[in-house]
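Subject: Structure handover

Hello,

Here is the structure for you to load. My notes on it follow below.

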Amino acid sequence: GKVSGGGRSAGYGELARGRKLVREIPAQVGLTPTQQWKVAGTSVPKVDGREFVTGRHRYASDWKRPGMLYGKVLRPPAMGASITAFDDAAARAMAGVTVAREGDFAGVAAPHPHTAEKALAALKAEWKLHEQPSSAELFDYLKRHAGAGSGPERGSIAEGMAAAARKFSQAYTLAYIAHVPLEPRAAVAEWGPGGKLTVWTGTQCPFRVHGQLCDEFKLPPERVRVIMPDTGSGYGGKHSGECAIEAARLAKTAGKPVKLVWTREEEFHWAYFRPAALIEVSSGASNDGMVTAWEFHNYNSGAAGIRTLYDIPHQRIQFHPSRSPLRQGSYRVLAATANHFARESHMDEIARELGLDPLEFRLKNLKGERFRAVLEAVAERIGWARRKRAPGRGFGIAGGFEKNGYVATAVELEVDASRKVRLLRIVEAFDSGAVINPRHIENQIEGAIIMGIGGALFEKIEFDSGRILNGRLARYRVPRFSDVPPIETILMDRKDIQPAGAGETPIVGIAPAIGNAIFDATGTRLRSMPMSL
């Protein structure tokens, strides 16, 4: 953010001196040929990496303002509950405490966090609860409340099935899972002269939060400012501004700046989840391994990554929106994880039923050069053709495409006598076009794989009647160091293609590769995430 030289430095604002420095960019811009890159294509260290490691870096929860109070919000006993009776006399009697109440929203602000907690505990409320489904009946509920499907079609499913020597039909499911960010939601809100509102909050979408604040408080855009410290990780879970709105409500009532930091339990209970999914797949194939028909229906989770890259003449692929019993929203690579899990598991099932090698079967049904290249690269690295059979030892492979990035993942694992899965080795090949910073892409791949291990094997939100039953880390299993095997990454580095997809696409292959390896080791096909033997 500065220009430095000759022992002097100046910020861009100082240099501009209030002038608008405008220069038109011509329609045709000459880019530096990749062969002449000097910095791009090399592993440049993160500029502020040392501050992250040493703890000097500031997040939203570190922010302070003069005269700032600390806020807490009264949460209902279950989702969708409404207040029928409320008594805040004991809280208001505490020194320095302000109580805010608006409809079903109630909260407190106090000079110290401990005082805010005591004041929150002093609030008395009665709630009206509403009947809601549980996780035990989730997938039947999603299908019963699904809307009409839409998506790409090609050829005729009837003709494709008629041409098939073998037909297959299976259902796959994915549970809701939490984002579990390192830093729960946090915001500091301050009202200034003329009713202007400034909010510091960790968010992935400051413009969306800005709009939500304008709508909530009926303010014109120029009277609201959102300042965005780093989010402390988001994974798609910090697109919305509920924490910012809550802090602003408390600050408006208190007449002072208010900091609100959600607890880990609040993050588990009141943030939105990765959507659950029911996916039904029907297919047909010839005896020599050519897929002739492919019908794919996703209920609830979304259409990201839903189309198949396999060259199948007859296809019907549809996403059916459904009424979700839990609050749901974005998660890393959206619904592509669900759609790849179902598709790559089903492709593996067809290959095994036909007695074909899963890699050869995929390549036989594939024309795309980039997808083929990552599959072949990962197979070569893990030694697919040379893999050795042993009791309880299995290999799995899966591939995919999203956001113009192509990925293939191979897994070696073992299943012991107690049916516990132990990952031994993970190899992933990734084509995200031209590689700008190799080490940073490797970090993205490794992080995505580790995150994907959680959804594949452990993570699952359990709920009943609007209550989250496992909303704390003691009961919600996330990946641990002991769960992570050696991870090898292969960067395809296509200098002829624009870079894209590096932050999200690497997550899609790990779950189906694990599931396919479990089948290879045990003969048991797992069709629900998280996968448990």
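A disulfide here is a pair of cysteine sulfur atoms within 2.5 Å. Keep that cut-off in mind for the cysteines. Note also that this is a predicted model.

**Cysteines**

How many disulfides does the rule give? The count comes to 0. Take Cys 214. The closest cysteine sulfur is that of Cys 205, and it lies 15 Å from the sulfur of Cys 214, so the two are too far apart for a bond. Cys 214 is also buried, at a relative accessible area of 9%. Cys 243 is in no disulfide either. Its nearest cysteine sulfur belongs to Cys 205, 15 Å away. Cys 243 counts as buried because its relative accessibility is 3%.

**The chain as a whole**

The protein chain has 14 helices and 23 strands. Its radius of gyration is 26 Å. The globule rule gives 24 Å for 533 residues, so the chain is as compact as a globular protein of that length. Along the principal axes, the C-alpha atoms fill a box of roughly 80 × 70 × 45 Å. Of the 533 residues, 52% count as buried. Now the contacts with a separation of 6 or more: 74% of them are between residues 24 or more positions apart.

**The open sheet**

One open sheet has 4 strands, in the order 17-18-19-22. The pairing is mixed. Which strands stand at the edges? They are strand 17 (393-402) and strand 22 (487-491). Each has a single partner strand, so one side of each is left without a neighbour in the sheet. From one strand to the next, the twist averages 15°.

Strand 19 (residues 421-431) pairs with strand 22 in the parallel sense, over 5 bridges. In that pairing, Phe 430 stands opposite Leu 491 of strand 22.

Two helices lie across these strands. Helix 13 (residues 438-457) crosses strand 19 and strand 22, and runs at about 130° to strand 22. Helix 14 (residues 510-522) lies across strand 17, strand 18 (405-415) and strand 19. Its angle to strand 17 is about 155°.

**Strands 10, 11 and 12**

Strand 10 (residues 186-192) and strand 11 (residues 196-201) run antiparallel, joined by 6 bridges. Val 188 stands opposite Trp 200 in strand 11. The two strands form a hairpin with 3 residues between them. Gly 194, in the turn, has a positive phi of about 75°.

Strand 11 is also joined to strand 12 (residues 224-227), by 4 bridges. These two run parallel. Here Thr 198 stands opposite Arg 225 in strand 12.

**Three residues to look at**

Start with Ser 322. It sits in the loop between strand 16 (314-320) and helix 10 (336-354). Is Ser 322 buried or exposed? It counts as buried, because its relative accessibility is 17%. The side chain of Ser 322 reaches the backbone oxygen of Leu 142 at 2.7 Å. A polar atom of that side chain also lies 3.4 Å from the backbone oxygen of His 145. Beyond its neighbours within four places in sequence, Ser 322 is in contact with Tyr 141, Leu 142, His 145, Ala 146 and Asn 300.

Next, Thr 173, in strand 9 (residues 166-174). Thr 173 is buried, with a relative accessible area of 11%. Its side chain and that of Ser 528 are joined by a polar contact of 2.7 Å. Residues up to four places away in sequence aside, Thr 173 touches Phe 139, Ala 277, Leu 278, Phe 341, Arg 527, Ser 528 and Met 529.

Last, Arg 264, in helix 9 (residues 264-270). Which backbone oxygens lie by a polar atom of the side chain of Arg 264? One is that of Pro 181, at 2.8 Å. Another is that of Leu 182, at 3.2 Å. Not counting residues up to four places away in sequence, Arg 264 touches Val 180, Pro 181, Leu 182, Pro 184 and Leu 473. Gly 232 is 32 residues from Arg 264 along the chain, and their C-alpha atoms are separated by 13 Å.

Best regards

Methods:
Residues numbered from 1 in each chain as written. Heavy atoms only, no water. Pairing = 2+ DSSP bridges. Axes fitted to C-alpha atoms, helices over the stretch in contact; angles between N-to-C directions. Contact = heavy atoms within 4.5 Å. Buried < 20%, exposed > 50% of the residue type's maximum accessible area, 1.4 Å probe, protein only. Polar contact = N/O pair within 3.5 Å; in protein donor to acceptor, adjacent residues only side chain to side chain. Rg over C-alpha atoms; globule rule 2.2 N^0.38 Å.
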